[in-house]
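Trainee: I am new to this structure. Please take me through one part of it closely, then place that part in the whole.

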Amino acid sequence: KVDTRNPIRSLTWESIGRVVAAARQDTEQWFFRGATATYVRVVTLPECVKYARRAGKELRVRLEILDPTNNVACENYIRLYRSLAESPASPELTWTVDGTRVELYATILAACWHKQRYEPLTVEISLSALASTFRWEVSSQFLILTQRGPRFPAMLIERGDPYYDLFASELNASFRQAR
């Protein structure tokens with residue numbers, strides 16, 4: 001028997017923000033795999049901590065980001081995104097290895113800062129040598145896979161679907177293999 005229900009929903013750019021915001025509100029975990037985690041640092045982590053603090057809950061955050069000490073990984077990241085630039089004025093063309101390192105260290109520092117201010121927060125960070133165009137985010141309710149920019153759709157998989165567990169296992173394996 002074939003299951004005709006589609007477990008993977010496609011999200012438009014307009015709906016991604018709403019889904020991610022909803023995922024932050026009642027989560028006990030946030031796992032991220034991507035490059036610099038700038039959005040996680042600036043928006044997701046502070047919001048998740050705010051909601052956990054209000055509810056008096058523990059929060060587990062796991063970040064797999066590029067290794068800022070790995071020149072090759074940072075150069076590959078820059079090269080990848082420069083190759084995807086859509087015009088001569090694209091901001092990706094101004095990115096540098098040093099700027100990438102600053103973003104990565106800022107993410108690490110922000111995670112430590114939040115940990116110091118909210119004791120029930122557990123933070124795990126691994127440093128990867130692989131640059132990808134995908135950003136994986138896993139909350140207690142959803143697995144969300146996004147890619148660069150508003151022109152690209154995202155994928156949403158709800159907890160309870162077998163694909164949620166399969167992809168979460170993949171992310172756990174990747175996290176363990178990174179430094």
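Which residues does Thr107 touch, not counting residues up to four places away in sequence?

Mentor: Keep in mind that this is a predicted model. Thr107 touches Thr36, Ala37, Thr38, Arg41, Leu63 and Ile65, with residues up to four places away in sequence not counted.

Start with Thr107 itself. Thr107 sits in helix H4, which covers residues 97-117. Is Thr107 buried or exposed? Thr107 counts as buried, because its relative accessibility is 2% and the cut-off for buried is under 20%.

Now pick one of the residues that Thr107 touches: Ala37. Ala37 belongs to the loop between strand S2 (29-33) and helix H2 (38-55). Ala37 is buried too, since its relative accessible area is 4%, again under 20%. Look at the backbone here. The phi angle of Ala37 is near 60 degrees. That is a positive value, in a residue other than glycine. So you have a buried loop residue, Ala37, in contact with a buried helix residue, Thr107.

Next, move to helix H5, residues 162-177, and find Asn172 there. Asn172 counts as partly exposed, because its relative accessibility is 24%; partly exposed runs from 20% to 50%. Set aside the neighbours within four places in sequence, and Asn172 is in contact with Phe31 and Arg62. The Arg62 contact deserves a second look. The side chains of Asn172 and Arg62 make a polar contact at 2.5 Å. For a sense of distance, take Asn172 and Asp98. They are 74 residues apart in sequence. Their C-alpha atoms are 29 Å apart in space.

Compare that with Ala131. Ala131 lies in a loop, between strand S4 (121-128) and strand S5 (134-138). With a relative accessible area of 29%, Ala131 is partly exposed. Ala131 and Asn76 are 55 residues apart along the chain, yet their C-alpha atoms are separated by 6.6 Å. Asn76 is also one of the contacts of Ala131. The others, leaving aside neighbours within four places in sequence, are Leu66, Ala73, Tyr77 and Leu80.

One more stop: Gly17, in helix H1 (residues 13-25). Gly17 is partly exposed, because its relative accessible area is 40%. Gly17 and Glu92 are 75 residues apart in sequence. From C-alpha to C-alpha, Gly17 and Glu92 are 22 Å apart in space.

Now step back to the whole chain. The protein chain has five helices and seven strands. Read along the sequence, their order is β-α-β-α-β-α-α-β-β-β-β-α. How do the contacts run? Take those between residues at least 6 apart in sequence: 70% of them join residues at least 24 apart.

Overall size comes next. The C-alpha trace spans about 45 × 45 × 30 Å along its principal axes. The radius of gyration is 17 Å, which agrees with the value near 16 Å for a compact globule of 179 residues.

Finish with burial, surface and charge. Of the 179 residues, 43% count as buried; Thr107 is one of the buried residues. The chain exposes about 9900 Å², and carbon and sulfur atoms supply 55% of that area. There are 24 positive and 20 negative side chains. The centres of these two sets lie 2 Å apart.

Technical notes:
Residues numbered from 1 in each chain as written. Predicted model: local features only at pLDDT ≥ 70, side-chain atom pairs only at ≥ 80, totals over all residues. Heavy atoms only, no water. Helix = DSSP H or I, 4+ residues; strand = E, 2+ residues; numbered from the N terminus. Rg over C-alpha atoms; globule rule 2.2 N^0.38 Å. Buried < 20%, exposed > 50% of the residue type's maximum accessible area, 1.4 Å probe, protein only. Contact = heavy atoms within 4.5 Å. Areas by Shrake-Rupley, 256 points an atom, 1.4 Å probe, with all protein chains shown as cover. Lys, Arg positive; Asp, Glu negative; His and termini not counted. Charge placed at Lys NZ, Arg CZ, Asp CG, Glu CD. Polar contact = N/O pair within 3.5 Å; in protein donor to acceptor, adjacent residues only side chain to side chain.
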